[in-house]
Amino acid sequence: MTKAKIKIYFSKGNVGKPITYELVKKYDVMFNILHADINYGSEGNLITEISGEEKNVADALKYLDELDVKYKMYTKSIIRDEDACIDCGSCTSVCPSGALTMNDNDELQFDKEKCLVCELCIKACPIGIIKVEL
Ligand code: SF4
Ligand code: SF4
């Protein structure tokens with residue numbers, strides 16, 4: 001089993017086509033949609049984690065290439081210095097995916113799986129302890 005986090009760009013011509021349905025059906029992969037910004041008839045994008053057998057994920061990405069659907073692989077990830085964190089919560093207010101939340105004890109929680117690597121939290125942290133890991 002492998003996972004790839006990707007941003008799929010939908011052109012006007014592709015919006016409305018059952019691309020994700022076909023990927024699931026043909027290649028037996030699973031989609032975990034993290035963020036969608038698509039309106040019918042106009043351009044948009046979908047950030048998703050695609051998972052399945054390594055060959056199936058590779059074939060699914062190849063299929064996107066064949067359809068000339070553009071996508072971007074996320075190879076970066078966000079890291080933070082947990083010991084230095086003061087649990088102020090500033091980063092949670094800008095996080096669009098809910099990857100950063102406060103728990104019942106007012107401690108910061110980071111769900112890496114939900115992270116879109118948008119980097120908004122980096123600017124929001126007053127003590128600069130969030131960074132991008134390449
Ligand atoms: S980069 Fe930061 S703000 Fe953006 S989704 Fe990830 S945790 Fe949230
Ligand atoms: S903004 Fe920085 S210090 Fe504040 S909770 Fe987030 S990571 Fe911790």
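Which molecule takes up the space of the second largest cavity? That would be ligand 1.

## Ground rules

This is a predicted model, where local features need pLDDT of at least 70, side-chain atom pairs count only at pLDDT 80 or more, and totals for chains, interfaces and linings use all residues. Residues are numbered from 1 along each chain as its sequence is written, chains are lettered from A and ligands numbered from 1 in the order written, and side-chain values use heavy atoms, leaving out hydrogens and water.

## The two ligands

Ligand 2 fills the largest cavity. Here, a cavity is a set of points on a 1 Å grid over the protein atoms alone where a 1.4 Å probe fits but cannot get out; a molecule sits in one if more than half of its atoms lie within 2 Å of its grid points.

Around ligand 2 there are 13 residues (each with a heavy atom within 4 Å), and Cys-85, Cys-88, Gly-89, Cys-91 and Cys-125 come nearest. Ligand 1 also has 13 residues around it, with Cys-95, Cys-115, Cys-118, Glu-119 and Cys-121 nearest. That shell splits into 11 nonpolar, one polar and one charged (Ala, Val, Leu, Ile, Met, Phe, Trp, Tyr, Cys and Pro count as nonpolar, Asp, Glu, Lys and Arg as charged, the others, including Gly, as polar).

## The largest pocket

A pocket is an open set of points with protein on both sides within 12 Å along at least five of seven lines, and its lining residues have an atom within 4 Å of a point. Because domain 1 (2–73) and domain 2 (78–133), with bounds from an automatic or database assignment, both add to the lining, the largest pocket lies between them. Its lining includes Lys-3, Glu-49, Tyr-74 and Cys-115, and six of the lining residues are charged.
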